[in-house]
Amino acid sequence: MGTALIYDEEMTRYKLLWVDPACKIEVPERLVVSYGALVENGLADRCVSIPVREATDADILLVHSEEYLEAVKKTPYMTLEELKEFTLQYGDVYFHPNIYHCAKLALGATLQLVDNVMTGKVRNGLALVRPPGHHSMRSAASGFCIFNNVAIAAQYVKQKYGVKRVLIVDWDIHHGQGVQYSFEDDPSVLYFSWHRYEHQKFWPNLRESDFDVVGKEKGAGSTINVPWNKVKMQNSDYLSIFFHVLLPVAYEFSPDLVLVCAGFDSAIGDPEGEMCATPDIFAHLTHLLMNLAGGKLCAVLEGGYNLKSLAQSVCQTVHSLLGDPAPRPANLEGPCNSALESLQCVRSAHRKYWSCLKHAADLPTSDISTKRIKLAEDEEEEKLDEVEKEKLIAAMVWPQPVKRVTPPTRTAVVLPDGVACPDRCKHFSLSEDPDPLVVQKLRENFIKDADDKDAVTLSSLIALVDKMEKNEICSGLALVRDVSMAMRCVAQHATTALSNRVLVVCVGDGIVPHRGTDDGKTLVVHFSSKESEEQECKYLIPVCLKKGCSDASGFIQAVLGLLLPLGYEYDPSLVLLVQTPGSGICDSVWQQLTGLLQGLAQGHILVLMQEDERTCIDPTCSSLLGDAAPSLGQLHAAPPEDVEAVENLRQRLKADWKLLQTTE
Ligand SMILES: COCC(O)(O)CCCCCNCCCN
Ligand SMILES: [Zn+2]
């Protein structure tokens with residue numbers, strides 16, 4: 001299934017008609033450069049183009065009041081003076097004779113996207129719209145917003161499709177208070193927002209944007225606010241919040257649909273956000289959400305005012321929606337102290353609502369928190385006047401995102417004779433006879449007793465890994481007689497011949513290679529049900545789960561809160577995913593794991609399985625080909641000893657792996 005792109009240039013036909021410093025950044029060029037970049041990068045053509053429609057009164061009244069709608073209906077006929085007058089009653093927003101028409105198109109575009117995803121015409125999509133929506137309230141416009149596109153979309157799908165649970169992820173740098181107010185007592189809509197806050201000093205300056213506002217009555221726990229109390233947040237800060245707050249809760253909640261308030265003012269260069277996360281981070285944020293809700297994801301443009309980083313961020317998002325491998329998450333180091341403080345506060349505020357956070361630490365008591373100590377340079381910066389600051393931010397530079405080309409072959413498979421090659425995969429076998437020297441070396445190193453057939457298989461695997469290295473093949477699956485031998489052989493080849501870093505993820509009670517873990521060339525994470533006899537060290541991490549991988553909740557929480565942070569910080573060039581017999585892992589959990597790991601190593605993942613594991617071939621290939629994994633359903637509480645085990649492991653390892661930190 002494809003990716004929808006919904007855009008109409010009519011939505012560029014309104015703008016600020018008078019002087020207002022607060023609104024001058026919201027310009028039509030925002031849409032023009034975003035759509036233009038999608039066309040220029042050949043992304044628009046790869047999407048399914050869906051026409052916008054005008055929202056009806058009924059659509060608008062799902063969230064807004066009659067009196068507000070009636071008032072807005074009058075604006076097309078107002079003089080300039082009347083428009084200015086009308087605008088004064090609201091904050092940081094402006095009206096224009098054509099903005100009501102455009103607001104109906106923006107909402108209509110959003111609902112068209114939702115309809116096409118819910119009816120299965122497309123898997124996911126992006127609506128490129130303005131005016132944005134997440135600040136507008138039942139009876140008030142606010143923050144450039146007229147109708148609350150995403151809030152209305154959530155009510156719309158509940159009403160029209162009987163959707164039980166909707167997740168709204170708001171990665172715009174402003175708090176979408178309008179969305180929060182619409183669902184604060186509604187447990188069926190989980191609203192997550194991070195936002196520049198600076199202890200309430202940043203717009204919209206609301207007390208209810210802080211981490212301890214969690215929703216009301218039945219909705220308690222279904223509002224997650226992550227305040228950024230400092231600017232210059234980076235990729236590591238954003239990913240830490242995904243790994244240790246949003247994803248664990250989202251998987252427990254198990255939404256039927258994911259809506260994204262896709263504001264890109266959280267990217268570097270933006271005058272509003274003043275953050276330092278680079279546009280390629282949206283490739284990962286999008287990818288990490290794409291295995292929820294069976295892949296049903298609707299992204300709707302909100303903010304984003306640096307035309308360069310906006311265009312790049314929009315392209316990164318659409319690349320991921322199309323299933324293109326994400327760029328490697330380079331140079332992640334770990335969250336800054338302020339982000340860590342917010343992380344700890346949010347996890348503590350929500351531990352009584354979400355079993356995945358039950359073991360979260362208390363609120364930070366440290367009085368050295370960034371709250372009270374105004375660091376010298378901050379005061380220094382504050383002295384800079386607005387104009388100076390804007391010049392500094394506009395002058396910010398960052399690396400051009402790497403080109404994201406999908407290799408000619410998406411998934412290659414090495415199968416025993418007689419096993420059919422799944423659709424859309426390419427059967428991989430040695431084009432010519434294996435090089436006798438290679439076979440000789442293999443025999444010496446790996447195949448003492450085994451027969452020549454192994455030699456052929458192993459040399460096929462080496463050839464396959466070489467082609468992945470050259471980006472001719474993206475991912476691979478191999479069924480082998482002896483997975484441990486194959487694992488050691490591939491790991492050795494990849495680390496020595498190709499001088500790469502290899503992340504080896506072992507699932508099941510099989511044998512684990514010890515090689516390569518001391519020099520950091522290999523990072524082995526081994527999930528099993530048995531206490532390991534292996535000596536744990538920085539690069540050899542045994543994860544013992546009571547019920548092994550058979551308990552979906554315990555396993556997936558270990559993947560989200562431990563394996564992904566490790567993998568992203570390690571940043572391998574190849575992922576080796578090995579399933580040894582007796583893992584007990586079920587297909588849908590295995591597919592979630594395979595899907596999530598493709599955010600690493602530009603999607604270069606090689607799956608090794610025992611040759612008699614025939615039932616696993618199709619689900620594995622489906623995931624390797626980029627299909628969304630099936631939803632796991634609402635997750636019950638993980639076995640306490642498993643949560644404990646992962647928590648203890650995180651505490652022990654966080655000195656070496658900064659992305660594992662969840663407390664100051
Ligand atoms: C949903 O709209 C997207 C948005 O969240 O980006 C709107 C931001 C309004 C920002 C209002 N203050 C501007 C002050 C200028 N220095
Ligand atoms: Zn914003």
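Across the interface of domain 1 and domain 2, 17 residue pairs are in polar contact, with both partners at pLDDT 80 or more; the model analysed here is a predicted one. On the side of domain 1 that touches domain 2, the helices α8 (235-253) and α9 (281-289) each supply at least two residues. The most is given by α8, which contributes 10 residues to this side. Sorted by class, the side of domain 1 that faces this contact comprises 16 nonpolar, 13 polar and 6 charged residues.

The polar contacts are accompanied by 1 salt bridge across the interface of the two domains. A salt bridge is formed by arginine 328 with aspartate 571, and the closest N and O atoms of the pair lie 2.9 Å apart.

The two domains follow from the domain assignment of the chain, in which domain 1 consists of two segments, 3-375 and 382-394, while domain 2 spans 409-660. Their centres, taken over C-alpha atoms, are separated by 35 Å. In the contact between them, 35 residues of domain 1 meet 41 residues of domain 2.

The area buried between domain 1 and domain 2 amounts to about 3,100 Å², with carbon and sulfur atoms giving 55% of this value. Of the area that domain 1 buries against domain 2, 22% is supplied by Tyr251, Arg328 and His359, more than by any other three residues. Arg328 thus appears in both descriptions of the interface, as a contributor to the buried area and as the partner of aspartate 571 in a salt bridge.

Key:
Residues numbered from 1 in each chain as written. Chains lettered and ligands numbered in written order. Predicted model: local features only at pLDDT ≥ 70, side-chain atom pairs only at ≥ 80, totals over all residues. Heavy atoms only, no water. Domains from an automatic or database assignment. Contact = heavy atoms within 4.5 Å. Buried area = accessible area lost by both parts, 1.4 Å probe. Salt bridge = Lys/Arg side-chain N within 4 Å of Asp/Glu carboxyl O. Polar contact = N/O pair within 3.5 Å; in protein donor to acceptor, adjacent residues only side chain to side chain. Helix = DSSP H or I, 4+ residues; strand = E, 2+ residues; numbered from the N terminus. Nonpolar A, V, L, I, M, F, W, Y, C, P; charged D, E, K, R; others polar.
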